[in-house]
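User: Let's go through the labels on this model. For each one, give me the value, the cut-off and the verdict.

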Amino acid sequence: MAAGDAAVAAALAGPGWAVVPAYLPALEVAALVAAQQARELAGEFRPAAVGAGQSRALRPEIRSDRIAWLQDAQCPAEAALLARLEALRVTLNRRLLLGLDELECQYAVYDPGAGYARHLDRSPRGAERVVSWVLYLNVGWQPGDGGELVLSTPAGEHRVEPRAGVLVTFLSAELAHEVRPAARPRLSLAGWFRRRPLPATVR
Ligand code: OGA
Ligand code: MN
């Protein structure tokens, strides 16, 4: 277990969110940027939709990033990241008894001007998404570049610049958040640790 994972568990149990400033070293970030570019060239990215079920729709005024799901690792860096997140999942289960049994993972690209209005990651209908995480891949990000993640924490608004290697985690049902538009392309991996849905009878 990485020491940082225990700290993330403690933070999620306390304030409900955590920022790990150097979760990934620069070499791993560079390899994931290359992996993202390969998937971009392969035509894997699609405009991200909002809502679920019948109300699922493209609403660029709410959300205007492009995403590609990362299910099967296509290079060692992707495999290594999925393994690290798997270890984090196990630590969160051991320490917080969360019963997380799945990892969802997607690349997201916010082209200049794109954003994501304030939202919760857990839809009112489903309880599957328990812990959200975002890992930024933007080398050389400057304060004037924008693109901050604005977290509505119990102690007030907290802004995170999307700098390379930074990992943010938070409780999906509790922390509303927003992605501010950026002046340059903004690259990340984001996802959720999920619980299996309860049978309809006990929901
Ligand atoms: C999301 C999201 C935050 C970010 O994908 O649901 O809120 O900083 N992403 O990219
Ligand atoms: Mn979100």
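User: What makes strand β4 (residues 102-110) count as mostly covered?

Analyst: Seven of the nine residues in β4 are buried. Buried means under 20% relative accessible area, exposed over 50%, and partly exposed in between, with a 1.4 Å probe and protein chains only as cover. A strand here is a DSSP run of E with at least two residues, numbered from the N terminus (helices are H or I runs of at least four). This is a predicted model: local features need pLDDT of at least 70 and side-chain atom pairs 80 or more, while totals for chains, interfaces and linings use all residues. Residues are numbered from 1 along each chain, chains are lettered from A and ligands numbered from 1 in written order, and side-chain values use heavy atoms, without hydrogens or water.

User: How do you know which strands β4 pairs with?

Analyst: Two strands pair if DSSP finds at least two bridges between them. β3 (residues 66-69) and β4 share four bridges, in the antiparallel sense. Within that pairing, R66 partners V109, and W69 partners Q106. β4 and β11 share nine bridges, also antiparallel. There, A108 stands opposite S188. Both counts meet the cut-off of at least two, so both are pairs.

User: What is the strand order of the sheet, and which strands are its edges?

Analyst: The order is β1-β9-β6-β11-β4-β3-β2, an open sheet of seven strands with antiparallel pairing. Its edge strands are β1 (17-20) and β2 (46-47), since each pairs on one side only.

User: What places β9 between its neighbours, and how covered is it?

Analyst: β1 and β9 pair antiparallel over four bridges, with A18 opposite T169. β6 and β9 pair antiparallel over five, with S132 opposite F170. Five of the five residues in β9 (residues 167-171) are buried. L167, T169 and L171 point one way, V168 and F170 the other, and all are buried.

User: Why is E128 called buried?

Analyst: E128 has 16% relative accessibility, so it counts as buried. E128 lies in the loop between β5 and β6. Its C-alpha atom is 9.4 Å from that of S172, 44 residues apart along the chain.

User: Which residues are donors of the manganese ion (ligand 2), and what makes them donors?

Analyst: H119 (NE2), D121 (OD) and H177 (NE2) lie 2.0 to 2.1 Å from the ion. Donors are N, O and S atoms within 2.8 Å of the metal (3.2 Å for Na, K and Ca), so these atoms qualify; water is not among the atoms, so the site may look incomplete. Their spacing along the chain is H-x1-D-x55-H. H119 and D121 are both buried.

User: Which residues surround ligand 1, and of what kinds are they?

Analyst: The shell holds R63, Y116, H119, D121, V134, Y136, L149, H177, V179, R186 and W192. Each is near the ligand, with a heavy atom within 4 Å of it. They divide into six nonpolar, two polar and three charged.

User: What makes the contacts of H119, Y136 and H177 with ligand 1 polar contacts?

Analyst: A polar contact is a pair of N or O atoms within 3.5 Å. Side-chain atoms reach a ligand oxygen at 3.2 Å from H119, 2.5 Å from Y136 and 2.8 Å from H177. All three therefore pass. Taken alone, ligand 1 exposes 290 Å², and the protein buries 97% of that (Shrake-Rupley method, 1.4 Å probe). β5 (116-119), β6 (129-136), β10 (177-179) and β11 (186-194) each give two or more residues to its shell.

Methods: A polar contact is a pair of N or O atoms within 3.5 Å; within protein, one must be able to donate a hydrogen and the other to accept it, and residues adjacent in sequence count only if both atoms are side-chain atoms. Ala, Val, Leu, Ile, Met, Phe, Trp, Tyr, Cys and Pro count as nonpolar, Asp, Glu, Lys and Arg as charged, and the others, Gly among them, as polar.
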